[in-house]
Amino acid sequence: MPAVPATIDTLAAELRTDSPFVATPTPRLTWTVADPDGGWLQAWAEIRSGETSARVEGRDSVLVDWPFPPLTPGASVAVQVRAGASDGRETDWSEPLEIRAGFLAAGDWSAAPVTLADPHERARPALLRTTFDSDDITSATLYWTALGVAEIRINGTLIDEDVLSPGWSAYQQRLVHETVDVTDLVRAGTNAIAAELGGGWYTERWGFRENAAEIYGGQPALALQLNLVHADGRTTVITTDEQWRAHASPTQASSLYQGESYDGREAAALAGWDQPDFDDSAWTAVERSDGAFREPEARVGPPVRRTEDVAAVEVITTPSGATVLDFGQNLVGRLRLTARGEAGATITLKHAEVLEHGELGTRPLRSAAATDTWTLAGTGEETWEPRFTFHGFRYAQIDGWPGEIDPTDVVAVVLHNDMDRTGTFTTSHTLLQQLHDNVVWGMRGNFLAVPTDCPQRDERLGWTGDIEVFGPTAASLYDVRGFLTGWLRDLALEQSAADGVVPFVVPNVLQLSGRVTPAAAWSDAATIVPWTLYQRYGDLGVLREAYPSMRSWVETLLEISDGTGLWEGAFQFGDWLDPAAPPDRPADATTSVDVVAGAYLALSARILADAAEVLGEPADTTRFRAAAEQAREAWCAEYVTPAGRMMSDGQTAYAMAIAFDLVTDTDQRQRLGDRLADLVREDGYRIGTGFVGTPIVCDALTATGHLEAATRLLTQTENPSWLYPVTMGATTIWERWDSMLPDGTINPGQMTSFNHYALGAVADWMHRVMAGLAPAEPGYRTLRIGTRPLVGIESAATTLDTPYGHARVGWELDGDTVTVRAEVPPNTTAQVDLPGVPATEVGSGAHTWVIAAPEAPTARRPLTVDSPSAAIIDDPEAYALVAETIGRVTPSNLEAFHRTRWSERATLRESVRYASNALVEELNRALATLR
């Protein structure tokens, strides 16, 4: 049978795959090859558009520079590519890729922002419309933006499936416009453009408690222009102006935090409002709203869309008699309802993430009402979904439903930016699989317009620290390039407005008076997020664009350090939400905030030096390499003892020393790793890190030979741990390790969320180490196959659609061996780093290795109450037996037992101080059963 030839599998232009529109006149191109035979290494490629072609020599196939003249506004081209391999094989030409210029030339934006004149209430949703006549056209392209959010219709038809567009940006400094081809919606004769407009992020009141205030504006506005190209070559531009008409919307009130109220009776009275022949003589003229308007730029990433419908799994009657629907999954979106009832009947929807003692748990929402109301028109079967709000919820309480509720009439609609899913993870360990599923759902819920901290309470902000730690995990799950590229533009603008300091949140709606306060790990998003995108996608463009922001932040750090190389005595979040911190003081972590700050100073300086080297900035490379080394040496001198102990004896301090490469001496690194492993064991293999330490603690343990400790830490189910929330029924990642207490009571802290992705950043370690797929070169040009099978787990696998194509690494346990299988994409190679396998490099295609199964540590038996307590915690069977015995004989001793500091020098007897003779005898009897 003849060999199947290699083919061009995909061809894409930056940075969107959901639309042919690009935001730049010189879009870079990426292609992948399907190669059934394996071993493909590109030697050349040819790109053509029409009669023009360009040749690329070598392996470059990712984000290749545009080889043609820059696109002009409105231009549309078709591009194809073919490639040849180093062994002489060639592909055919790819299918044509349509690329359209989605931008306007500077100064070509002519639309004025318009709004409802004289609204009776603040942030009043509005209907806006105009009509225009058209003859024979060849194309119609709509460019639009809003101070707020909107849905646009032409002749009664929605122009696209986007929701909450155009999203949220730093309004004072940057607006984003949508670009939509509406040629098929415009007809000969009279046409209507109509928009329903809501406040969204623009009119929300930002800040906490009594500090909540209007930051941007009190009334939403719309600006659009429709470019019509006629058959004879003429161009007509229809824009928003004072000739448009406006009316209050049937959506009577809309707020991200408070929810939405809709009156179907008003909607019925306005039937046909989006049609050309509608009589709008009773409507009022619009009013211009130029206050915060800036000429918008084209969208670079995918917008928010409806991505999934989720059905209710149970109808619950609460102890108070309320009707609550359980959707089985904590999600972000809103409800779509279908009902029949009398005109004026009102259905009220209240949303929450959890139930507390059987009732809707709304306390974590703080001042967010998260309540929608729908007043029926009484016209028969009606369907409604809120337009301009979203909620984080698993449970919805429904009041006022006419008759008996049919759960199939209520659907949860999932919303998030419609990014391509690129990575997966599977494992035989059911709790770890659920943990990973929770990470994915947490990301979906919080990648909505900006990378938020949580989606449900009166916050939903772009906290810089959260995405800084979660960025690598995000890139292992979805294509986040466009989404984060846009957000980084806002970060740079807000940073510039704050004289080089990166705010806590972007867009900045919190620190508005005086100098913006910097914070380690949070402000360091300026350096770490662009570097992460470069490492995971090989994107020099985003690195080059972000470089001034990166440099500005490190300059600010050096100014703060004042020549010392340290960052001490200032406000910090530190290792935020370390489980040792009290509920009302989440920054009071075991690891000193100064230790955290100094470590990030050294890390950001080193990243900047590395970026400068990649970008060809030799002077900056030399300068910031020296600054990074000074900071590293100062940190070690101040906080690391010669004996290999940290002055701040917490898990995060040791993890940073190792994972950030702050301690470079091999022997001292090993001593630090040994002490970290001891601390993890002393804590009973429970987590002892917050936002900063959690993403790196397993890496630090693995790098210093303590994979077993990392395994025990990852698979721990007692609180605090990654799996404790899973055992409590969590379907997303919690903000706190104990957002819900074991008795079903919500954590008493005033800051508690059940959908917060930061602590789920361990998923990146699960992909890179547990399954074994990581980039060895930026963009996975070279992969690393570094699988580390874990004791007690039968299989794990990860897949990733890398910039070069589909990759997979997975393993399965079979008796005393493990079979590792990998798929390496065409045009890449892979470094193999497997236990017992000589280091080697392989080419693209399928590969298999068989290695020895990991050995479980030998239990130190026989055991008695006078054995070291460490011998008990190192033996899961013994630990479970002791806990069961104490709980049965003297439950009052159980809490002290769980708080034991497990060590080689303290015995089990000492760990259960004041134990009765009867308990000692029972413990010895139980331990004697172990062989």
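Threonine 32 is buried in this predicted model. Its relative accessible area is 8%, and the cut-off for burial is under 20%. The residue sits in strand β3, which spans residues 29-34. Its side chain makes a polar contact of 2.6 Å with the side chain of threonine 10. Thr10 is also among the residues that threonine 32 touches beyond four places in sequence. The others are Thr7, Ile8 and Asp9, plus Pro803, Tyr804 and Gly805.

Next comes an open sheet. It has 5 strands with mixed pairing, in the order β2-β7-β6-β4-β5. Which strands stand at the edges? They are β2 (21-22) and β5 (52-57). Each has a single partner strand, so one side of each lacks a neighbour in the sheet. For β2, strand β7 (residues 97-101) runs parallel to it, and 2 bridges join the pair. Valine 22 has alanine 101 in β7 as its bridge partner.

Now to the backbone. Most residues other than glycine have a negative phi, and most peptide bonds are trans. Several places here depart from that pattern. Aspartate 118 has a positive phi, near 50°. This aspartate is found in the loop between β8 (114-115) and β9 (126-134). Aspartate 118 counts as exposed because its relative accessibility is 63%, and the exposed class begins over 50%. Arginine 209 also has a positive phi near 50°. Its loop runs between β15 (205-206) and β16 (213-214). Arginine 209 has 64% relative accessibility, so this residue counts as exposed.

Two peptide bonds are cis. One joins serine 165 and proline 166, with omega about 5°. Proline 166 has its place in the loop between β12 (157-158) and β13 (176-181). The other runs from arginine 861 to proline 862, with omega near 5°. Proline 862 lies in the loop between β45 (845-852) and α16 (869-873).

Strand β27 (residues 323-339) holds glutamine 329. Is this glutamine buried or exposed? Glutamine 329 counts as buried because its relative accessibility is 11%. A polar contact of 3.4 Å links its side chain to that of tryptophan 441. Trp441 is also one of the residues that glutamine 329 touches, leaving out those up to four places away in sequence. Phe393, Arg394, Thr731 and Thr732 complete that set. Phenylalanine 293 offers a reference point for distance. It is 36 residues from glutamine 329 in sequence, and the two C-alpha atoms are 39 Å apart.

Empty space is the next topic. Rolling a probe the size of a water molecule over the atoms shows where such space is left. The largest pocket contains about 1,200 Å³ of space. How many residues line the largest pocket? The lining has 35 residues. Arg536, Ala659, Ile696, Asp699 and Arg768 lie nearest the centre of the pocket. Seven elements are worth tracing on the model, as each gives two or more residues to this lining. The helices are α4 (464-477), α6 (525-537), α8 (593-614), α10 (651-659), α12 (697-703) and α15 (763-771). The strand is β38 (773-775). By residue class, the lining divides into 19 nonpolar, 5 polar and 11 charged.

One of those helices, α10, deserves a separate look. α10 is mostly covered, with 8 of its 9 residues buried. The buried set is Gln651, Thr652, Ala653, Tyr654, Ala655, Met656, Ala657 and Ile658. What do these residues pack against? Their partners are α8, α9 (618-639), α11 (666-682) and α12. Two of these partners, α8 and α12, also give residues to the lining of the largest pocket. After α10 comes aspartate 661, where phi is positive, near 55°.

The last stop is arginine 788. This residue is found in the loop between β39 (782-785) and β40 (795-802). Arginine 788 counts as buried because its relative accessibility is 17%. Beyond four places in sequence, arginine 788 touches Leu707, Val769 and Met770. Asp833, Leu834 and Pro835 are in contact with arginine 788 too.

Key: Residues are numbered from 1 along each chain as its sequence is written. This is a predicted model: local features need pLDDT of at least 70, side-chain atom pairs count only at pLDDT 80 or more; totals for chains, interfaces and linings use all residues. Side-chain values use heavy atoms; hydrogens and water are left out. Helices (H or I, at least four residues) and strands (E, at least two) are DSSP runs, numbered from the N terminus. Buried means under 20% relative accessible area, exposed over 50%, partly exposed in between (1.4 Å probe, protein chains only). A polar contact is a pair of N or O atoms within 3.5 Å; within protein, one must be able to donate a hydrogen and the other to accept it, and residues adjacent in sequence count only if both atoms are side-chain atoms. Contact means heavy atoms within 4.5 Å. On a 1 Å grid over the protein atoms alone, a cavity is a set of points where a 1.4 Å probe fits but cannot get out, and a pocket is an open set with protein on both sides within 12 Å along at least five of seven lines; lining residues have an atom within 4 Å of a point. Grid points are joined across faces, edges and corners, and a volume is the space filled by probe spheres set on the points. Ala, Val, Leu, Ile, Met, Phe, Trp, Tyr, Cys and Pro count as nonpolar, Asp, Glu, Lys and Arg as charged, and the others, Gly among them, as polar. Two strands pair if DSSP finds at least two bridges between them.
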